[in-house]
Amino acid sequence: LWESTASAAYLMQHPTYPIPEKYMFLETTSYDTISNAFFTRSTFTDINGWKKILVVTNEFHIHRTKAIFDWIFSVPNIENGSSPNYEIFYLSCNNVGLSNEAVEARRSHEQRGEKNVLENLATQYTTLKSVLGFLTTNHDFYAANKLVRQSMGDGNDEKRSGNLLKLSYGQ
């Protein structure tokens, strides 16, 4: 079940303020926050001319999410292109349903990720085209060479995050 599908179901079935189906646009292409921002921009906002965006996520995830969406939604499409003028708002939700240990494991993971976005990714990939290049050549979930190696069982699962972090995602 995609997060966007679960969120849409909640909003459409809200007992007090249900949102009509015609106002729901679900991004179901992404596997992580970077690609969520990228595919939201390339699939919905750029095409529809939407300039005001509300991003909703968990409290433990808000800082890295903000770093990623600010990066992806500020880069021009191509080198020397005009910078898009998005107005992004952020809303964080309480960390309901997770143990304190799981929240702390996720916060630690998120802090490392935020630092990587701010210090490395956002400075290295400065156009939407270069972000696409990053996704399709370097990203674990989209790069063909990595996906092929993973499907063939390269044995590198130990490189993944710690067990507590995995367990907090039900893995």
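## Histidine 61

In this predicted model, histidine 61 has a relative accessibility of 12% and therefore counts as buried, the cut-off being under 20%. The residue sits in the loop that runs between β1 and α3. When neighbours within four places in sequence are set aside, histidine 61 is in contact with Thr33 and Glu110. Thr33 is also one of the α2 residues that meet α3, and Glu110 is one of the α4 residues in the contact with α3.

## Overall layout

The protein contains 7 helices and 2 strands. Read from the N terminus, the order of these elements is α-α-β-α-β-α-α-α-α. Of the 171 residues in the protein, 32% are buried. Among contacts with a separation of 6 or more, 67% are between residues 24 or more positions apart.

## Helix α3 and its surroundings

Helix α3 is mostly covered, with 8 of its 11 residues buried. These are Ile62, Arg64, Thr65, Ala67, Ile68, Phe69, Trp71 and Ile72. The list includes the charged residue Arg64 and the polar residue Thr65. The buried residues of α3 pack against three helices and two strands: α2, α4 (100-124), α5 (128-137), β1 (52-58) and β2 (87-93).

Isoleucine 68 is part of helix α3. Its relative accessibility is 0%, so isoleucine 68 counts as buried. Beyond its neighbours within four places in sequence, isoleucine 68 is in contact with Thr33, Ile34, Ala37 and Val117. Isoleucine 34 is 34 residues away from isoleucine 68 in sequence, while their C-alpha atoms are 6.1 Å apart in space. Isoleucine 68 takes part in the contact of α3 with α2 and in the contact of α3 with α4.

## Packing of α2 with α3

Helix α2 covers residues 33-48 and helix α3 residues 62-72; the two pack at an angle of about 35°, and their axes are 9 Å apart. The crossing of α2 past α3 is right-handed. On the α2 side the contact involves Thr33, Ile34, Asn36, Ala37, Phe38 and Arg41, and on the α3 side Arg64, Thr65, Ile68, Phe69, Trp71 and Ile72. By class, the residues of this contact are 7 nonpolar, 3 polar and 2 charged.

## Packing of α3 with α4

The axes of α3 and α4 are 8 Å apart, and the helices pack at an angle of about 20°. Angles under 35 degrees count as roughly parallel, and α3 and α4 are therefore described that way. α3 passes α4 in a left-handed crossing. From α3 the contact uses His63, Arg64, Ala67, Ile68 and Trp71; from α4 it uses Glu110, Gly113, Glu114, Val117, Leu118, Leu121 and Ala122. The contact of α3 with α4 has 7 nonpolar, 2 polar and 3 charged residues.

Arg64, Ile68 and Trp71 appear in the contact of α3 with α2 and also in the contact of α3 with α4.

## Nonpolar core

In soluble globular proteins, nonpolar side chains tend to be buried together. Here the largest nonpolar core has 23 residues, and Trp71, Ile72 and Phe73 have the most contacts inside it. Two or more residues of this core come from each of α2, β1, α3, α4 and α5. α3 supplies the largest share, 5 residues.

Phenylalanine 73 follows the last residue of α3, which spans residues 62-72. With neighbours within four places in sequence left aside, phenylalanine 73 is in contact with Ala37, Thr40, Arg41, Thr45, Ile53, Pro84, Tyr86 and Ile88. Among these, Ala37 and Arg41 also belong to the α2 side of the contact with α3.

## Two loop residues

Lysine 51 is in the loop between α2 and β1. With a relative accessible area of 37%, lysine 51 is partly exposed. Outside the four places on either side in sequence, lysine 51 is in contact with Pro84, Asn85, Tyr86 and Glu87. Lysine 51 and tyrosine 86 are separated by 35 residues in sequence and by 4.7 Å in space, C-alpha to C-alpha. Pro84 and Tyr86 are also in contact with phenylalanine 73.

Asparagine 80 belongs to the loop between α3 and β2. Its relative accessibility of 77% means that asparagine 80 counts as exposed. Most residues other than glycine have a negative phi. Asparagine 80, although not a glycine, has a positive phi of about 65°.

Technical notes. Residues numbered from 1 in each chain as written. Predicted model: local features only at pLDDT ≥ 70, side-chain atom pairs only at ≥ 80, totals over all residues. Heavy atoms only, no water. Axes fitted to C-alpha atoms, helices over the stretch in contact; angles between N-to-C directions. Helix = DSSP H or I, 4+ residues; strand = E, 2+ residues; numbered from the N terminus. Left-handed = near helix turned anticlockwise from the far one by under 90°. Contact = heavy atoms within 4.5 Å. Buried < 20%, exposed > 50% of the residue type's maximum accessible area, 1.4 Å probe, protein only. Core = buried A, V, L, I, M, F, W, Y, C linked by side-chain atoms within 4.5 Å. Parallel < 35°, antiparallel > 145°, perpendicular 65-115°, else oblique.
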